[in-house]
Amino acid sequence: MISHKRFLITFIAASILLVTCKPKEKEIFGREYTGTILGNPYVISTAGDSTDYQFEIDSIIRLIDVNFSLSNPNSVVSRYNMYNQTNESMKFVDSSFVFGSVFNLAEDLNRRSNSFFDPTSNPLKREWFRIKFNQIAEEPNLDSLYEFVVFDSKVDLNEIYDESGKYKESHLRKKDPRIELDLTNLGMAYGLDMISDMLLSKGLQQIKITCLNQTICRGAGVPELNVVPLGITQDSADQKIRLINGAFSFKTTKEKQAMIDVTYGYPVDNEIVYVGVAAKSLVEAEAFSESFMIMGFEQSSSWYEKNADSNVHSFMLFMKNNEISSASTIGFDEMLIVPDSLTTK
């Protein structure tokens, strides 16, 4: 392998199938929980406690729905998207501080990702989809769209406190009535992080949460619960990592087709065909797996040069000289499980 700073590049077979799949557990360890969060199915496997925590899990899921569901017209995000006033803020009570926490994380991730993570891009996505669906030859009017797209400086959140320092309400402002927020994936990741923290606080020895392309592993003791497939192939030959006290999220060309590079205004068109990110929180893993897919390999490499201590570990597949190549950070390589058949004896 040839080392390129933080990345180790290797060539792999071009026949790898880039399809998403739901990780399959061969056994259930301890209690298992199933359900949906923002309409997406989750599976939670636990070890070390037989107590039923479904009520607490459902309570967290309701908090996420009431704040971030785009299908719930009464959620905070839906109400904000329909709000058409610019001379005053939309007022609401964020008693759980869940919305404020996710909003602040979105601001931080927007800054840390050099604006590649942007929760205001839906109008751009719809316009490009309209043009493609109707086979229109022209491109969208980006100057007009950028009047209400781009997260930085266009959306403000202020939490109001009384003279005694007690929280009263939150004010969410938009500079243009057409501004929209989509915090679905980030809110879902935050909710799953909340669930993992809650279960650990109950004294569980170990937990594993899977939802779509997202996985959280906390604790140790049952080795199988720390094994996470990368989601590259559909079968047992899929590469796996051993994830302990961390989170993992991946994106493939399937998700890439719906992505827009908000820093440029165009659909994503680069050499990346797969990105998997492991981080301390699922919020980080989710945001950076999307950001790196949009950035492309060169800009992702440049990001790592400037953020060497990020604790954001990644694995990528990309096209190079008409072949599929792979790249990974050293931290990600340390998590890879090498099949016995490939182990040097």
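**View 1. Y161 and its partner across the β6–β7 pair.** In this predicted model, Y161 stands opposite Y167 in β7. Strand β7 (residues 167–174) runs antiparallel to β6, and seven bridges join the two; strands are DSSP E runs of at least two residues, numbered from the N terminus, and two of them pair if DSSP finds at least two bridges between them. Residues are numbered from 1 along each chain as its sequence is written. Because the model is predicted, local features need pLDDT of at least 70 and side-chain atom pairs count only at pLDDT 80 or more, while totals for chains, interfaces and linings use all residues; side-chain values use heavy atoms, with hydrogens and water left out.

**View 2. The open sheet of three strands and helix α3.** Here the strand order is β5-β7-β6, with antiparallel pairing. At the edges you will find β5 (90–92) and β6 (155–161), each pairing on one side only. On average, neighbouring strands of this sheet are turned by 20 degrees against each other, direction ignored. Helix α3 (residues 98–112) lies across β5, β6 and β7, at about 140 degrees to β6. Axes are lines fitted to C-alpha atoms, for helices over the stretch in contact, and angles run from 0 to 180 degrees between N-to-C directions.

**View 3. S196 in helix α6.** Take a look at S196, placed in helix α6 (residues 184–201); helices are DSSP H or I runs of at least four residues. S196 is buried, with a relative accessible area of 0% (buried means under 20%, with a 1.4 Å probe and protein chains only). Not counting residues up to four places away in sequence, S196 touches I207, I209, I216 and R218 (contact means heavy atoms within 4.5 Å).

Terms used:
Buried means under 20% relative accessible area, exposed over 50%, partly exposed in between (1.4 Å probe, protein chains only).
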